[in-house]
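Reader: I am new to reading protein structures. Please take me through a single part of this one, slowly enough that I can follow along.

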Amino acid sequence: MLIHRFRALLAHPVRGRVTKFAISSALAAGTSAIVFPLLYILGASTTACTVIAFFAGAIPNWTLNRRWTWKVQGRVAFGREVFAYLVISVMTLAILSLATGLTDHWVKGLPAHHGLRVLLVTASYFLVLAVLYGLRFFLYEHWIFSGRSRIRAAFRSRRQVWSAARANRIP
């Protein structure tokens, strides 16, 4: 019984997208893993490190997810794809900045020349990314790269109902 459920889960069409999303996220995280500690060692603030490292990974991540994971071709839907991706990215970035800033504040007592300080602050960056992984996949799957906007469809539906109701009014 359990084996059949497991096989059904593996046969689900979302499985391939989850795997590709994980690979593109790992590549983006790898880019960030190089940029963040390098900037931190050079003396940049945790906020600057977070912002630069995040966008160093976010740009290739969006491209890989759009073209490879969800196989979206053609014109970019600015509102649904770009604007929504930026909103999610800014929210993720704010959470990352807060986490790395707090971690940096907590480890200020460690000597700056110890690698443990860099390791802990960088680890907080990746811990937050790992926690947000599932939420971001859900939003990408159902909103950004879905090929259809349920939000836009809901507004269009309301407008159509209003227009139809107006046409049926007695003058």
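What percentage of the 171 residues of the protein chain count as buried? And please look closely at helix H2 and what surrounds H2.

Author: This is a predicted model. Start with the whole chain. Of its 171 residues, 34% count as buried. The protein chain has six helices and zero strands. From the N terminus on, the order of elements is α-α-α-α-α-α. Now consider contacts between residues at least 6 apart in sequence: 69% of them join residues at least 24 apart.

Now go to helix H2. H2 covers residues 14-41, which makes 28 residues. From first C-alpha to last, H2 reaches 40 Å. That is close to the 40 Å expected at 1.5 Å a residue. After H2 comes glycine 43. The phi of glycine 43 is positive, near 100 degrees.

Which residues of H2 are buried? Begin at the N-terminal end with Val14, then find Phe21. Ser24 and Ser25 are buried too, and so are Ala28 and Ala29. Ser32, Val35, Phe36, Pro37 and Tyr40 complete the list. The cover over these buried residues includes helix H3 (46-69), helix H4 (78-106) and helix H5 (115-144).

Isoleucine 23 also lies in H2. Isoleucine 23 has a relative accessible area of 40%, so it counts as partly exposed. Look from there to threonine 69. The two are 46 residues apart in sequence, yet their C-alpha atoms are 9.3 Å apart in space.

A second pair spans a longer stretch of sequence. Take phenylalanine 138, which is found in helix H5. Its partner in this comparison is valine 18, 120 residues away in sequence. In space, C-alpha to C-alpha, the two are 9.8 Å apart. Phenylalanine 138 is partly exposed, because its relative accessible area is 47%.

Next, the largest pocket. Its space is about 250 Å³. The elements giving two or more residues to its lining are H2, H3, H4 and H5. The lining has 22 residues in total. Nearest the centre are Ser25, Ala28, Ala29, Leu129 and Arg136. Three names there should look familiar: Ser25, Ala28 and Ala29 are among the buried residues of H2. The largest share of the lining, seven residues, comes from H5. What kinds of residue line the pocket? There are 15 nonpolar, six polar and one charged.

Two of the residues near the pocket centre, Leu129 and Arg136, also touch threonine 92. Threonine 92 sits in helix H4. It is buried, because its relative accessible area is 4%, and buried means under 20%. Leaving out residues up to four places away in sequence, threonine 92 touches Phe54, Leu129, Leu132 and Arg136.

Stay with H4, and turn to charged pairs. The structure holds four salt bridges. In one of them, arginine 66 pairs with glutamate 81, with the closest N and O atoms 2.4 Å apart. This pair links distant parts of the chain: arginine 66 is in helix H3 and glutamate 81 is in helix H4, 15 residues apart. Both arginine 66 and glutamate 81 are buried. For glutamate 81, relative accessibility is 1%, so it counts as buried.

Glutamate 81 has another partner. Arginine 80 forms a salt bridge with glutamate 81 as well, and here the closest N and O atoms are 3.6 Å apart. Arginine 80 is buried, because its relative accessible area is 10%.

One more salt bridge joins the side chains of aspartate 104 and lysine 108, at 3.2 Å from N to O. The two ends differ in exposure. Aspartate 104 is buried, with a relative accessible area of 11%. Lysine 108 is partly exposed, with a relative accessible area of 47%. As for shared partners, salt bridges join Arg66, Arg80 and Glu81 into one network.

Now return to H2 with this in view. Its buried residues are covered by elements including H3, H4 and H5. H2, H3, H4 and H5 each give two or more residues to the lining of the largest pocket. Trace H2 from residue 14 to residue 41, then find Ser25, Ala28 and Ala29 near the pocket centre.

Note on methods:
Residues numbered from 1 in each chain as written. Predicted model: local features only at pLDDT ≥ 70, side-chain atom pairs only at ≥ 80, totals over all residues. Heavy atoms only, no water. Helix = DSSP H or I, 4+ residues; strand = E, 2+ residues; numbered from the N terminus. Expected span 1.5 Å × (residues − 1). Buried < 20%, exposed > 50% of the residue type's maximum accessible area, 1.4 Å probe, protein only. Contact = heavy atoms within 4.5 Å. 1 Å grid on protein atoms, 1.4 Å probe; cavity = no way out; pocket = protein on both sides within 12 Å on 5 of 7 lines; lining within 4 Å. Points joined across faces, edges and corners; volume = space filled by probe spheres on them. Nonpolar A, V, L, I, M, F, W, Y, C, P; charged D, E, K, R; others polar.
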